[in-house]
Amino acid sequence: MNYKKYQKMYHPIPLEDRQWPNNEITHAPIWCSVDLRDGNQALYSPMTTEEKIEFFKFLVKLGFKEIEVGFPAASHTEFEFVRRLIDENLIPDDVTIQVLTQAREHIIKKTVEALKGAKNAIIHLYNSTSTLQREVVFRKSKEEIKQLAVDGAKLVMSLVDGQLDGNIRFEYSPESFTCTEPDYAAEVTNAVLDVFKPSETNKVIVNLPSTIEVATANVYADQIEYMCKHLNNREHLVISVHAHNDRGTGVASSELALLAGADRVEGTIFGNGERTGNTDVITVALNMFCQGIDPELHLENIDEIIEVYEKYNRLPINPRHPYAGEMAYVAFSGSHQDAIKKSMDKFGSSPSNKWANPYLTIDPTDIGRKYEPILINSQSGKGGVSYIMENKYGYTLPKPMLAEFSSLITDMSDEKKTVLTNHEIHQAFKDTYV
């Protein structure tokens, strides 16, 4: 493997007096679902308009108050979907739709046209600013790229003033932010903010996307903290992050970005998105939940969320997903099974008790699941066998008998070279002792 052909793609971050490592996450961010845009465009078979409407309704049910619904200028389907949401009054008054547009004149005009009649909307303007994009893709100078962003912002402002009556907010993204020189990213963004004129009553969203992950998550946190310190009118800005998962650290990047000053997280449920995916909002939210923080999303029925996700995205959930995977609450190891059982016996699921379990970070019943060591193999031990015999069949085995019977079950699994079902374990008990 020719590792010498690769090089760092990010720029040094001149960050002094770094603060984020000492911070803690204490409350949920503003969540923005991008399932209907980032997620949908990354599917083998994108959703139909009817499917997008049903999925939108489900995102509202989960508690998302900001939902990016598409790129209206991209296709007739995208434009029609936005119009139907507005014309059929499908958007609750407390939900804001977000639409994406490049900083290009005809695309901006089509986007604004799509929003006519919207009560609450965010126009998300972006253009790419990274070194590689400037020099190779667009072949434009720094000044030309900055002017492109400024001209786009001015056009958005003029069209909104003349055509839209609703509560319209603005968002700007220096796309490929992680590969952009920090001082230049701040320069371009500040130039756009001079046009949007953020204020106490008109806060502007600055979205800083990890369009492609090119460094460890701590570098992304440094980039976010740097921008928080170098953007004008910080108190009138909502700092948003949009992390992709190219290095497998989209969740970590979003969490560290929150430590670094971000206020808002864009992501998808279960992390569907371009290439290796986006930040998995379900994981970030439940990571907060298990620390005693209200995630401000309705995740109490994880199986329903999985069912809807798989129906409209036509993608499976990894069985080892941290919270939603079918094996997330199954333990094979005997020592794990034993420790889980003893902790459950001691603390239970009582609301009056604080959850404490050495191998389960949350009580699975809180999201509509339950712990069942239903899979017993040759690595399992007394804890799993005891749990199954007691909870499934009502037998509380004396310790000497449990030790003997568990050894017999281990030999059976070893011989079969696979897991044993509850029925097989029960039958072995009856054959041996009854």
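Me: Which element gives the most to the lining of the largest pocket?

Reply: Helix H5 gives the most, with 4 residues. Helices (H or I, at least four residues) and strands (E, at least two) are DSSP runs, numbered from the N terminus. This is a predicted model, in which local features need pLDDT of at least 70 and side-chain atom pairs pLDDT 80 or more, while totals for chains, interfaces and linings use all residues. Residues are numbered from 1 along each chain as its sequence is written, and side-chain values use heavy atoms, without hydrogens and water.

Me: What makes a space a pocket, and what makes it a cavity?

Reply: Both are sets of points on a 1 Å grid over the protein atoms alone. In a cavity a 1.4 Å probe fits but cannot get out, whereas a pocket is an open set with protein on both sides within 12 Å along at least five of seven lines. Grid points are joined across faces, edges and corners, and the volume is the space filled by probe spheres set on them. The largest pocket holds about 470 Å³. Lining residues have an atom within 4 Å of a point; there are 27 in the largest pocket, and the closest to its centre are Tyr 126, Glu 175, Ser 176, Thr 211 and His 244.

Me: How many cavities of 30 Å³ or more are there?

Reply: The count is 1, and the largest cavity has a volume of about 70 Å³. Its lining includes Tyr 10, Thr 178 and Ser 253. Helix H8 (residues 217–230) gives the most to this lining, with 3 residues.

Me: Why is the pair of Phe 55 and Tyr 312 called edge-to-face?

Reply: Rings of Phe, Tyr and Trp (its six-membered ring) pair if their centres lie within 6.5 Å; planes under 30 degrees apart count as stacked, over 60 as edge-to-face and the rest as tilted. Here the centres are 6.0 Å apart and the planes form an angle of 80 degrees, so both conditions are met. Phe 55 lies in helix H2 (residues 49–62) and Tyr 312 in helix H11 (residues 302–313), so the pair ties together parts that are 257 residues apart in sequence. Both residues are buried.

Me: Why does the pair of Phe 270 and Tyr 309 belong to that class?

Reply: The ring centres of Phe 270 and Tyr 309 are 5.1 Å apart and the planes lie at 75 degrees, so this pair is edge-to-face. Phe 270 and Tyr 309 are also buried.

Me: What makes Lys 110 count as lying over the face of Phe 79?

Reply: A charge sits over a ring if NZ of Lys or CZ of Arg is within 6 Å of the ring centre and within 35 degrees of the ring normal. Lys 110 lies over the face of Phe 79, at 4.5 Å from the ring centre. Arg 134 lies over the face of Tyr 184, at 4.8 Å.

Me: Why is Cys 179 not bonded to Cys 228?

Reply: A disulfide is a pair of cysteine sulfur atoms within 2.5 Å. The sulfur of Cys 179 is 19 Å from that of Cys 228, its closest cysteine sulfur, and therefore too far for a bond. The count of disulfides is 0.

Me: Why is Cys 179 called buried?

Reply: Buried means under 20% relative accessible area, exposed over 50%, and partly exposed in between (1.4 Å probe, protein chains only). Cys 179 has 8% relative accessibility and so counts as buried. Cys 228 is buried as well, with a relative accessible area of 14%.
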